[in-house]
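Could you walk me through this structure, stop by stop? I have it open in a viewer and would like to know what to select next and what is there.

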Amino acid sequence: MRAVVFDEFGGPEVLHLGQAPEPQAGPGQVRVRVEAVALNPFDGKVRSGAMESAFRTRLPGSPGLEAAGVVDQVGPDVAGVAPGDRVTGWTSRGAAELALLKLWAPVPDGLAATQAAALPVAGEAARRSLRILRPAAGEMLLVHGASGVIGSLVTQLAVAAGVRVIGTASPDNQDRVAALGATPTTYGPGLVDRVRALAPAVDAVLDTTGRGVLPDSIELRGGTDRVLTLADDAARGLGVEFTERSEPSAEDLADLIGAVVRGEVSVPVAHVLPLEEAARAQALVDGGRAGGKVVLVP
């Protein structure tokens with residue numbers, strides 16, 4: 001089968017279209033004929049070799065942590081799904097014509113595969129962040145990077161729960177943050193004064209950017225309690241909680257899909273490219289300014 005592979009560690013340019021053996025569904029797995037696979041910054045870290053100290057990557061490697069497609073093979077001990085069903089979920093080496101899913105949720109016919117593939121990773125991170133911070137209705141949540149994929153999901157879910165949100169974003173994305181139901185402001189020098197002019201107190205802070213906003217966040221919060229980052233390694237030295245991936249939930253993913261179908265939340269898909277352009281796609285992700293999810297389609 002065709003698959004995006006890398007034979008050595010390096011920049012996005014090491015990604016190329018090649019051939020890989022067809023995977024076979026094992027216990028607890030389904031195999032899908034891939035309709036769309038979303039790329040993430042983690043894919044770039046693995047491909048560059050930056051994760052080798054944490055775990056070893058068997059070469060040739062392939063990117064793709066989340067994919068949507070049509071089930072064509074069901075492994076042992078799997079119930080409730082059959083060949084022909086549309087699903088989306090978590091995988092590895094998903095940038096290929098066929099991929100194995102280890103956890104999944106049904107995709108209704110009205111939801112495009114490109115949207116469905118963009119939901120698992122960002123949705124898990126958004127739900128996890130809100131569960132840690134526990135913002136209540138009426139409280140003020142400051143979201144750094146509110147126009148990004150995870151930030152926009154957090155903002156929409158929080159607003160739907162009655163939480164007031166101030167969202168930081170670039171000047172070009174202020175209208176987008178406002179459309180999500182948040183009060184927008186720009187990041188950069190003077191942030192503390194700008195936020196204080198909008199709200200006398202901040203009850204919780206989420207940093208999705210990793211761009212050095214934690215000292216200002218601590219000042220606005222009046223301490224490190226309920227300050228959380230998904231991306232800034234400086235957190236530990238500042239006494240701020242850093243959250244990484246947790247065990248995903250198929251039920252949470254199904255709930256999020258339902259909210260998307262009902263029009264309650266959305267995930268921005270900025271670029272849809274063929275597998276042949278995987279290097280360009282991952283370069284957009286690695287650059288951190290894609291403007292939304294980057295999705296590959298076979």
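Two strands count as paired if DSSP finds at least two bridges between them. Keep that in mind for the first stop, and remember throughout that this is a predicted model.

**Stop 1: the parallel sheet**

Select strands S7 to S12. They form an open sheet of six strands with parallel pairing, in the order S9-S8-S7-S10-S11-S12. At the edges are S9 (183–186) and S12 (241–242), each of which pairs on one side only. Strands of a sheet pair through backbone hydrogen bonds, either parallel or antiparallel.

Now go to S10 (204–207) and look at its two neighbours. On one side, S10 runs parallel to S7, joined by four bridges. Here His144 stands opposite Asp207 of S10. On the other side, S10 pairs with S11 (residues 227–229) in the parallel sense over three bridges. Select Val205 and you will find Val227 of S11 opposite.

Show the side chains of S10 next. Which residues point one way, and which the other? Ala204 and Leu206 go one way, Val205 and Asp207 the other, and all are buried. This fits a general pattern: in a regular strand the side chains alternate between the two faces of the sheet.

Move to S8 (residues 164–169), which pairs with S9 in the parallel sense over four bridges. Click on Ile166 in this pair: the bridge partner in S9 is Thr183.

**Stop 2: helices beside and beyond**

Add helix H4 (residues 149–160) to your selection. H4 lies across S7 (140–144), S8 and S10, and runs at about 165° to S7.

Next, select H6 (residues 191–198) and H7 (residues 214–221). Two packed helices are described by the angle between their axes and the distance between the axes. For H6 and H7, the angle is about 35° and the axes are 10 Å apart. H6 passes H7 in a right-handed crossing. To see the contact, show Leu191, Val192, Val195 and Arg196 of H6 together with Asp216, Glu219 and Leu220 of H7. Colour these contact residues by type and you get four nonpolar, no polar and three charged.

**Stop 3: two helices with a buried side**

Select H1 (residues 41–48) and show Asp43, Gly44, Val46 and Arg47, which are buried. Why do these residues sit on the same side of H1? They cover an arc of only 165° around the axis, and this puts them on one and the same side. Their cover includes strand S3 (30–39) and helix H10 (278–287). Right after H1 comes Gly49, with a positive phi near 95°.

Follow the trail to H10, where the buried residues are Ala278, Ala281, Gln282 and Val285. Look down the helix axis: these residues fall within an arc of 90°, so they line one face of H10. A general rule helps here: an α-helix has 3.6 residues a turn, so residues three or four places apart point the same way. The buried residues of H10 pack against S1 (2–5), S3, H1, S13 (269–274) and S14 (293–297). Just after H10, look for Gly288, which has a positive phi of about 75°.

**Stop 4: two buried residues**

Click on Glu124 in helix H3 (residues 120–133). Is Glu124 buried or exposed? Glu124 counts as buried, because its relative accessibility is 12% and the cut-off for buried is under 20%. Leaving out residues up to four places away in sequence, Glu124 touches Trp90, Leu119, Arg245, Ser246 and Pro248.

Then find Ala25 in the loop between S2 (16–19) and S3. Ala25 is buried too, with a relative accessible area of 15%. Among the residues Ala25 touches are Val30, Gln73 and Leu100.

**Stop 5: backbone details in the loops**

Go to Pro60, in the loop between H1 and strand S4 (66–74). The peptide bond from Leu59 to Pro60 is cis, with omega near 0°.

Select Asp77, in the loop between S4 and S5 (86–91). Asp77 is not a glycine, but its phi is positive, near 65°. At 75% relative accessibility, Asp77 counts as exposed.

Finish at Arg134, in the loop between H3 and S7. Arg134 also has a positive phi, about 55°, although it is not a glycine. With a relative accessible area of 55%, Arg134 is exposed.

Key: Residues numbered from 1 in each chain as written. Predicted model: local features only at pLDDT ≥ 70, side-chain atom pairs only at ≥ 80, totals over all residues. Heavy atoms only, no water. Axes fitted to C-alpha atoms, helices over the stretch in contact; angles between N-to-C directions. Left-handed = near helix turned anticlockwise from the far one by under 90°. Contact = heavy atoms within 4.5 Å. Nonpolar A, V, L, I, M, F, W, Y, C, P; charged D, E, K, R; others polar. Buried < 20%, exposed > 50% of the residue type's maximum accessible area, 1.4 Å probe, protein only. Arc of directions from axis to C-beta.
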